[in-house]
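Student: I would like to learn how to read a structural model feature by feature. Could you take me through one, giving the general idea and then the case at hand?

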Amino acid sequence: DPGVSVTDADLAAAAEGAAQVEARNAAARKDALELAAAHGFGPQEAEAFARAVTRKVPGQGPAAGDAAAAAGTGEEEDDEDGDEREDVVVDIPGLGHKRISIRTSAIEEKAAACQQLSTYASELKAHFFPYVQETASVLGPLVSFAYSEEVRVHAAAGLPVLAEVSELACQVGAPGASGEVTRGAVQYAATQILEQVKEEPDIQTLCSLLESLSALVELSGRYPAAEALRLPDPVLDGATEAIRAVLAESFERRREAAEEEEGNPGPGEEEGEEPGEVDDEEASLLATCVECVGQLLKAYGSPYLPRVQAQLVPFFQPLLDARAPATDRTSAVCLLDDIIEHCGDQGASAPFLEPALSVLASCAQSPDSALRQAAVYGLGAAAEHGGAALTPERAREAVAVLQAVVAAPGSREGDSETATDNAVSALGKFLLHRPEAAPAEQVVPAWLAYLPVEGDRLEACAVHEQLCALAEGRSADLLGSGGQRLPEVARALAAVVAREGLSTAETRARAARLLAAMAREAQ
């Protein structure tokens, strides 16, 4: 512009600014490549991620947002670049089935960009906060992107991550972060996910959406002091209703499939299916619903239970019948477990406990290892959280069932091991919380002989912590009369110290201190 005078100082400042931008981009590229390598990206993926991060103007957020938010759906007619296209039929809510021509590269880029944004936010944590609002405005609408399940899945998965970033930024006092901002991020994520749950036509994608909802709910358990992460009652009502609708539609599809099978017998039998066998996708959907409800019960406890009892329990009661498929019974038992474990305070779970104990005892004897595992876990939860509702007689019956599971032939072989590990953990809970129901001479020797637990890593950590707690309390039940079981206890503690992957660092340190104390006492 001839009307503007550019001085040497202006040119120098511009050059310095360009150098600073180049330096920041180089640093961002280095960080991006390291981040991509840590997540197992291949060379081409890593390079694409680095370009996505560095080509954005500094201060405006990672450039993956550009690809995710790029206008268009992949339907564009312009095919000058020779991109591969594919004719597909999609189910668009409100429009029904529609055949369209998709430019697959554009859709893949959009899905990859959503995933990259989520990964970047997850790794940078509070440092990503300046980009949360912009990223949410990109990912939110894509949760309902009609043309690709993959885009919907990655977009939904990213929203809980942004809510966590907002909370972490609030904790470190980042500029602009506040409880109100976190609360807005949580409610926006919940609204976008729940709206799509109501409309989602694809069962596998529906499972992923519910998993994203679970991840959002789980945040309030991970940061219990963060009130902003808790969902308000209207959103909890909406979540419960959405899950109820998913279950209703699933059971309706099952009914229709059963009627069709009755009218066309034969093909299922040829494939080796048992009559009434549940479709894998429907079984997975049921299990995912239970996991989501379990997270809600864990986060909101007894006050949430009336919603579950009124709207969701009726779907599960028929599944507890012995004639129901094992996969369905397992899901129903897992729901019972969650109610017992998370709603025991103030006796809220008491009305469920008495009938549940009979179901759990029966299922603990099932040949299906997954069902057996769920059942024995529930018996352990009853020992810890059942309170007065678990009568001495029923407690003794539960211990006898658990002993039978542990002592059964082949209990530590193949798929059975994880179920048996859970039974050992449940026995440990009786030893800690209801010792009067677990006669030491009958229970402790077999319990000690089983240690260390090796199959189920989570239960291994729990059982080895139980061992330390009993030993620290100088439990006569554990050590035996005159310390006769001291060698077995020492052996088990030594195994805990030696096996790093089977207990927490704190538990291993406790076990080491106990061994040192035993050695001093033996001198």
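**Confidence first**

Tutor: Residues 76–82 keep a pLDDT under 50 throughout, and the model has 8 contacts beyond four places in sequence for them. This is a predicted model, and a second stretch, residues 55–60, also stays under 50, with 13 such contacts.

Student: What is the mean pLDDT of the protein chain?

Tutor: The mean is 86, and 80% of the residues reach 70 or more.

Student: Next, the interior. Which residues touch the most other members of the largest nonpolar core?

Tutor: The general idea is that in soluble globular proteins nonpolar side chains tend to be buried together. Here the largest nonpolar core has 80 residues, and those touching the most other members are Leu231, Ile243, Leu297, Val308 and Phe316. Another core, of 59 residues, lies apart from it, with Leu390, Leu402, Ala437 and Tyr450 among its members.

Student: With which residues is phenylalanine 316 in contact, leaving aside its neighbours within four places in sequence?

Tutor: Phenylalanine 316 contacts Leu247, Leu286, Val290, Ala332 and Leu335.

Student: How do I read a helix against its surroundings? Which residues of helix H18 are buried?

Tutor: List the buried positions, then see where they point. In H18, residues 440–450, the buried residues are Ala440, Val443, Val444, Trp447, Leu448 and Tyr450. They lie on the same side of H18, because they cover an arc of only 155° around the axis. The face turned away from that buried side carries the exposed residues Glu441, Gln442 and Ala449.

Student: What covers the buried residues of H18?

Tutor: The cover includes helix H16 (392–407), helix H17 (416–433), helix H19 (457–472), helix H20 (476–479) and helix H21 (486–498).

Student: Where is proline 452 found, and which residue does a cis peptide bond join to it?

Tutor: Most residues other than glycine have a negative phi, and most peptide bonds are trans. Proline 452 is in the loop between H18 and H19, and a cis peptide bond joins leucine 451 to proline 452, with omega about 5°. For phi, look at lysine 125: its value is near 55°, which is positive in a residue other than glycine. Lysine 125 sits in the loop between helix H4 (104–124) and helix H5 (132–142), and is partly exposed at 42% relative accessibility.

Student: Now charges. How many salt bridges does the structure hold?

Tutor: Side chains of opposite charge can pair when their charged atoms come close. The structure holds 21 salt bridges. In one of them, arginine 394 meets glutamate 354 at 2.3 Å, N to O. That pair links distant parts of the chain, 40 residues apart, with arginine 394 in helix H16 and glutamate 354 in helix H14 (residues 350–363).

Student: Are the two partners buried or exposed, or in between?

Tutor: Arginine 394 counts as buried at 14% relative accessibility, whereas glutamate 354 is partly exposed at 39%. Arginine 394 also forms a salt bridge with glutamate 397, at 2.8 Å, N to O. Glutamate 397 and arginine 394 are about one helical turn apart in H16, because 3 residues separate them in sequence. Glutamate 397 is partly exposed, at 36%.

Student: Which residue forms a salt bridge with glutamate 436, and which residues are linked in a network with Glu164?

Tutor: The partner of glutamate 436 is arginine 434, the closest N and O atoms being 2.9 Å apart. Arginine 434 is buried, at 11% relative accessibility. In the network, salt bridges link Glu164, Glu218 and Arg222.

Student: And cysteines: why does cysteine 207 form no bond with cysteine 289?

Tutor: Compare the sulfur separation with the cut-off, which is 2.5 Å for a disulfide. The sulfur of cysteine 207 is 7.4 Å from the closest cysteine sulfur, that of cysteine 289, so the two are too far apart for a bond. The count of disulfides comes to 0. Cysteine 207 is buried, with a relative accessible area of 7%, whereas cysteine 334 is partly exposed at 28%.

Student: One last residue. Where is histidine 154 found, and what does histidine 154 touch?

Tutor: Histidine 154 is in helix H6, residues 149–171. The residue is buried, with a relative accessible area of 17%. Not counting residues up to four places away in sequence, histidine 154 touches Ala111, Cys114 and Gln115.

Technical notes. Residues are numbered from 1 along each chain as its sequence is written. Side-chain values use heavy atoms; hydrogens and water are left out. A nonpolar core is a set of buried Ala, Val, Leu, Ile, Met, Phe, Trp, Tyr and Cys residues joined through side-chain atoms within 4.5 Å. Buried means under 20% relative accessible area, exposed over 50%, partly exposed in between (1.4 Å probe, protein chains only). Contact means heavy atoms within 4.5 Å. Helices (H or I, at least four residues) and strands (E, at least two) are DSSP runs, numbered from the N terminus. pLDDT is the predictor's confidence in each residue, from 0 to 100. The arc is that of the directions from the helix axis to the C-beta atoms. A salt bridge is a side-chain nitrogen of Lys or Arg within 4 Å of a carboxyl oxygen of Asp or Glu.
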